[in-house]
Structures are given as C-alpha cells and as structure tokens.
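Dear colleague,

I am handing over the structure we spoke about, and below it you will find notes on its aromatic residues. Please read them with the coordinates open beside you.

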Amino acid sequence: IFNTYGELSDGELLRRYGFLPTSSRNPHNSVTISFKELFAACDKVYGFENPRFVRKKVFELTNEGTTSRFKVHPNGRPSRKLIAIADAIFSVEEDDTDEEEEEEEAFELEKKDTRANEITEALNLVAIRALTPGKRYPTARREAFKSIQTLLDHESRAKPSQVNFRENRVDRRRVTMALRVRLSELKTFSMLRKWLRMGRMK
C-alpha cells in the first residue's frame, strides 16, 4: 500500500500537512501567482480605463475567480494557464477598443509581438515584487538562507539538557521548514526573470 498526498509543492505540503519531503528535490515544486497579483501587474503595464469591467469580463471568459492561482515551474517557465490568463486580461481591453478595426496579416504579427512583450513585462513585475523584501515575503533570499544556517548551527551546538532549546525545538523545525520553502520559491522567481530575459515568450 502506497500513501500519496498528490502532486503538491513543498509549500502546499507544509501548509496542508505540516511536513516537507526528506528529499531536497520535489518534482512537483512550483510557485503560484494569484489572479490579484497578475491582474495588478497587467493593469500597471496597460493602464486599463475600466479595471472592474476587464476583471469581470475575464472571469466570464475563463471561469476563473479572485482566488485562482497559476503555476510557475521550478525552471522559471510559466504554466500555459498563467500565460493564457494574462493573454485574456490584455485581450479584453484590446477587443473593447479595436473591435471594428480591419486586421491584416502584418498587423496580426505586430499585435502578437506586442502581446508577448506585455505579458513578459507583467510577469517580470510580479517576479520583481516577489523578490523585493517586505512585499510578497518579509525577508529576502539572502536573509532567509542566513536564518536557516543560524537555526541549524544553534541546533548542532545545543545540549539535550538545555530546557529552553527542548521547549522550542518543534518551533525551530517549523521555522526551518518554512524558510526552506521560501528559499525554493524565491529561487523560482529568480529563474522566472531569467526565463523572461531570454525572450522565450515570443
């Protein structure tokens, strides 16, 4: 009999079940971007005249909602669904303003390049925000790594007879696991920026 928790990232395993895999490599690791984060970035890039209308229209077209989240793979590659939703957000505003315009093949190609640039810029904004201390995460990648090392060093030096350490051991383990997850997620956002700089959206 095999027990499986499903194809969950380290973050989801820790959040739902309170543990991390013993292996440092989880093939299902990823970070998720909320619809709210994505929409705010798209709005900053495009400057929607009526954000409420655009948001409502996207919900109708995609069956997504404010609680929806979209994956970025560990190598930095955005999931197809994430790209599709970003495309839908920009399309709503564009369709509302250009619906009577006749489109030729050359214009279609130009529009495709423009859309790729808009999605790239929006995802880059999301990644920059995630990597900025105090925004998505309270600390930066370097500080998270230092915190883990401090906890591990303290644990290796502590004696079993130290009452305070024994009382806080579970809390230290939880903090260490949470920091491990944060490091993994910050690394993925860094990889996303690298993926975008390589122009792979086009």
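The structure, which is a predicted model, holds six aromatic pairs. In one of these pairs, the rings of Phe35 and Phe39 have centres 5.8 Å apart and planes at 25°, and because planes under 30 degrees apart count as stacked, this pair is a stacked one. Phe35 and Phe39 both belong to helix H2, which covers residues 35-46, and since they are four residues apart there, about one helical turn separates them. Both of these phenylalanines are buried.

A second pair is formed by Tyr46 and Phe90, whose ring centres are 6.1 Å apart and whose planes make an angle of 40°, an arrangement described as tilted. Because Tyr46 lies in helix H2 while Phe90 lies in helix H4 (residues 80-98), this pair ties together parts of the sequence that are 44 residues apart. As for accessibility, Tyr46 has a relative value of 31% and therefore counts as partly exposed, whereas Phe90, with a relative accessibility of 1%, counts as buried.

The residues named so far also belong together in a wider group, in that Phe35, Phe39, Tyr46 and Phe90 form one aromatic cluster with Phe48 and Phe59. Finally, a charged residue is placed at one of these rings, for Arg55 lies over the face of Phe39, at a distance of 4.7 Å from the ring centre.

With best wishes

Key:
Residues are numbered from 1 along each chain as its sequence is written. This is a predicted model: local features need pLDDT of at least 70, side-chain atom pairs count only at pLDDT 80 or more; totals for chains, interfaces and linings use all residues. Side-chain values use heavy atoms; hydrogens and water are left out. Rings of Phe, Tyr and Trp (its six-membered ring) pair if their centres lie within 6.5 Å; planes under 30 degrees apart count as stacked, over 60 as edge-to-face and the rest as tilted. Helices (H or I, at least four residues) and strands (E, at least two) are DSSP runs, numbered from the N terminus. Buried means under 20% relative accessible area, exposed over 50%, partly exposed in between (1.4 Å probe, protein chains only). A charge sits over a ring if NZ of Lys or CZ of Arg is within 6 Å of the ring centre and within 35 degrees of the ring normal.
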